[in-house]
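Please give a tour of this model for someone who has it open in a viewer. At each stop, say what to select and what is found there.

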Amino acid sequence: MARPSIEVAAHAGVCYGVERALDLAYGAAQSAPKPVRTLGPLIHNPIVVDELAEGGIAPVDELDGATSGSVIIRAHGVVPSVIDDAKRRGLHVIDATCPYVKRVHRAAEKLVREGYQLIVVGESGHPEVEGIMGHADDTAVTVSCVDDLASVELQRRVGVVVQTTQTVATLTDIVDELLIRSDEVRVINTICSATQERQEAASDLAARVDVMVVIGGKNSGNTRRLVEICRERCDRTYHIEDAAELSPTMFSGAMHIGVTAGASTPASHIQRAVLAIDSLTGACA
Ligand code: SF4
């Protein structure tokens, strides 16, 4: 009987912004004033967050938890007042906000400056979205889907920016509705290409395999979106955080197994999962 094969998506795993944040954190562990804290978990990957804590870089929920030393701002970014507050408290600030998230901040500020009512397409309450809203005025609203627009009093001129991990399909649905209800709609598409690339590669692979494994934090928005996208193409899609969650029954009868991973998943975790699938199924990568 032929051996099953394992294929990793063409774009999968840790993105530029997360890699940069991790590099800054590991660099801070060497040279920044101690103790080094991250404001919230550095990335949405509990395994990596535990590894960082073991290296002396623990998360704190609030600035009150970092009374001295350094504080790292996550790739998601924060509202500007948080950085000002940290500096006022005498903390050494290491800003690991992803440059692509900073681009959303600048786009939001520009649209507000030009007099548009800002619509942020994204997940309400998500730290990245809260950070973006911190760069807007009090007429700004967050919407995650067309239905959210029903209760929004729209102005004549609306400007749109997008949480970096959203899909083009969600953005398009919302913009279509805005075009019906507003006189002028200015859209700055701030979806990150890393997200698009991972979503397209995952969708392409999920359509061709019997089983799809998505690796990444259960609390990671971009990983959960990859899971949704894969499930549309492949019923047998599993979301795992760690290779230890894999079992032989997941792969029974499968001849072609796909693997992808969210933007917070290091290459070593993908490699671990591939090796585990290989040993559970006798597959070849
Ligand atoms: S997904 Fe894109 S915007 Fe988000 S951290 Fe990664 S590179 Fe930056």
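Select S2 and strand S4, residues 70–73: the two pair in the parallel sense over 3 bridges. To see one position of this pairing, pick valine 36, which stands opposite serine 70 in S4. Keep in mind throughout that the model is predicted.

Now widen the selection to the whole sheet around this pair. It is an open sheet of 4 strands in the order S3-S2-S4-S5, with parallel pairing. At its edges are strand S3 (57–60) and strand S5 (92–95), each of which pairs on one side only. Looking across this sheet, neighbouring strands are turned by 30 degrees against each other on average, with direction ignored.

Go next to the loop between helix H1 (16–31) and strand S2 (36–39), and select proline 35, which is found there. Show the backbone from lysine 34 to proline 35: the peptide bond is cis, with omega near -5 degrees.

Move on to the other strands by selecting S1, S12, S10 and S11. In that order they form an open sheet of 4 strands, again with parallel pairing. The edge strands here are strand S1 (5–8) and strand S11 (237–240), and each pairs on one side only. Neighbouring strands of this sheet are turned by 20 degrees against each other on average, direction ignored.

Within this sheet, select S1 together with strand S12, residues 256–261; they pair in the parallel sense over 4 bridges. Isoleucine 6 stands opposite isoleucine 257 in S12.

Add helix H8, residues 221–233, to the view. H8 packs on the sheet and touches strand S10 (211–215), S11 and S12. The direction of H8 makes about 170 degrees with that of S11.

Then add helix H9, residues 267–281, which also packs on the sheet, touching S1, S10 and S12. The direction of H9 makes about 160 degrees with that of S12.

The last stop is the ligand. Which residues are around the ligand? Select Cys15, Gly17, Cys98, Tyr100, Thr164, Cys192 and Thr195 to display them. Colour this shell by residue class: the residues divide into 4 nonpolar, 3 polar and no charged. If you draw cavities in the viewer, the space taken by the ligand is the largest cavity.

Notes. Residues are numbered from 1 along each chain as its sequence is written. This is a predicted model: local features need pLDDT of at least 70, side-chain atom pairs count only at pLDDT 80 or more; totals for chains, interfaces and linings use all residues. Side-chain values use heavy atoms; hydrogens and water are left out. Two strands pair if DSSP finds at least two bridges between them. Axes are lines fitted to C-alpha atoms, for helices over the stretch in contact, and angles run from 0 to 180 degrees between N-to-C directions. Contact means heavy atoms within 4.5 Å. A residue is near a molecule or strand if one of its heavy atoms lies within 4 Å of it. On a 1 Å grid over the protein atoms alone, a cavity is a set of points where a 1.4 Å probe fits but cannot get out, and a pocket is an open set with protein on both sides within 12 Å along at least five of seven lines; lining residues have an atom within 4 Å of a point. A molecule sits in a cavity or pocket if more than half of its atoms lie within 2 Å of its grid points. Ala, Val, Leu, Ile, Met, Phe, Trp, Tyr, Cys and Pro count as nonpolar, Asp, Glu, Lys and Arg as charged, and the others, Gly among them, as polar.
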